[in-house]
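Trainee: I would like to learn how to read a model like this one, feature by feature. Could you walk me through it slowly?

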Amino acid sequence: MKAEKKILVVDDEAAIRKFLRLSLEKEGFQVFEAGTAADAVRDLVSSRAEFMILDLGLPDQEGFEVIKKVREWVKERYKQLDPEMGIE
């Protein structure tokens, strides 16, 4: 059996998350949901999602800030795995 791809849907509107979840599950994705920027960062790490659909206008923080936090987290993880590996 083929493993499902994991995707995180981040939007403060529950109806949009539900629509995307149903559509993506129909296409074979395992879907995780978050309604805030804080939940998005935490859930992306805990779910180990491979993809993220991100609303840029979240109530607690702009989506661009979420992207920055995720990039910083990824850089730190790569440094821990291989200090010689440079990632920009």
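Trainee: Let me begin with the largest pocket: which element gives the largest share of its lining?

Mentor: In this predicted model, the largest share of that lining comes from helix 3, which supplies six residues. The pocket itself has a volume of about 400 Å³, and of the 14 residues that line it, the closest to its centre are Leu44, Arg48, Ala49, Trp73 and Val74. If you ask which elements give two or more residues to the lining, they are helix 2 (37-47), strand 3 (51-54) and helix 3 (63-81).

Trainee: How do the lining residues divide into nonpolar, polar and charged?

Mentor: The lining of the largest pocket has 11 nonpolar residues and three charged ones, while no polar residue takes part.

Trainee: Arg48 was named among the residues closest to the pocket centre, so where is arginine 48 found, and is it buried or exposed?

Mentor: Arginine 48 is found in the loop between helix 2 and strand 3. Exposed means over 50% relative accessible area, and arginine 48 counts as exposed because its relative accessibility is 66%. For its backbone, begin with the general idea, which is that most residues other than glycine have a negative phi. Arginine 48, although it is not a glycine, has a positive phi of about 60 degrees.

Trainee: Which residues does aspartate 43 touch, if I do not count residues up to four places away in sequence?

Mentor: Counted in that way, aspartate 43 touches Leu8, Glu33, Ala34 and Arg48, the last of which we have just discussed. Aspartate 43 lies in helix 2, and its side chain makes a polar contact with the side chain of arginine 42, at 3.0 Å.

Trainee: Why does aspartate 43 count as buried?

Mentor: The term buried applies under 20% relative accessible area, and aspartate 43 counts as buried because its relative accessibility is 13%. Serine 47, whose place is also in helix 2, can be read by that rule: its relative accessibility is 7%, so serine 47 counts as buried. Leaving aside neighbours within four places in sequence, serine 47 is in contact with Lys6 and Phe32.

Trainee: Turning to rings, how many aromatic pairs does the count come to?

Mentor: The count comes to one aromatic pair. It is formed by phenylalanine 29 and phenylalanine 51, whose ring centres are 6.3 Å apart with 85 degrees between the planes, an arrangement that is edge-to-face. The pair links distant parts of the chain, 22 residues apart, since phenylalanine 29 is in the loop between helix 1 (14-26) and strand 2 (30-34), whereas phenylalanine 51 is in strand 3.

Trainee: What are the relative accessibilities of phenylalanine 29 and phenylalanine 51?

Mentor: Phenylalanine 29 has 23% relative accessibility and therefore counts as partly exposed, and phenylalanine 51, with a relative accessible area of 40%, is partly exposed as well.

Trainee: To finish with the whole chain, what pattern does it follow along the sequence?

Mentor: Read along the sequence, the protein chain follows the pattern β-α-β-α-β-α, with three helices and three strands. Buried residues make up 25% of its 88 residues. You can also ask how far apart in sequence the contacting residues are: among contacts between residues at least 6 apart in sequence, 56% join residues that are at least 24 apart.

Notes. Residues are numbered from 1 along each chain as its sequence is written. This is a predicted model: local features need pLDDT of at least 70, side-chain atom pairs count only at pLDDT 80 or more; totals for chains, interfaces and linings use all residues. Side-chain values use heavy atoms; hydrogens and water are left out. On a 1 Å grid over the protein atoms alone, a cavity is a set of points where a 1.4 Å probe fits but cannot get out, and a pocket is an open set with protein on both sides within 12 Å along at least five of seven lines; lining residues have an atom within 4 Å of a point. Grid points are joined across faces, edges and corners, and a volume is the space filled by probe spheres set on the points. Helices (H or I, at least four residues) and strands (E, at least two) are DSSP runs, numbered from the N terminus. Ala, Val, Leu, Ile, Met, Phe, Trp, Tyr, Cys and Pro count as nonpolar, Asp, Glu, Lys and Arg as charged, and the others, Gly among them, as polar. Buried means under 20% relative accessible area, exposed over 50%, partly exposed in between (1.4 Å probe, protein chains only). A polar contact is a pair of N or O atoms within 3.5 Å; within protein, one must be able to donate a hydrogen and the other to accept it, and residues adjacent in sequence count only if both atoms are side-chain atoms. Contact means heavy atoms within 4.5 Å. Rings of Phe, Tyr and Trp (its six-membered ring) pair if their centres lie within 6.5 Å; planes under 30 degrees apart count as stacked, over 60 as edge-to-face and the rest as tilted.
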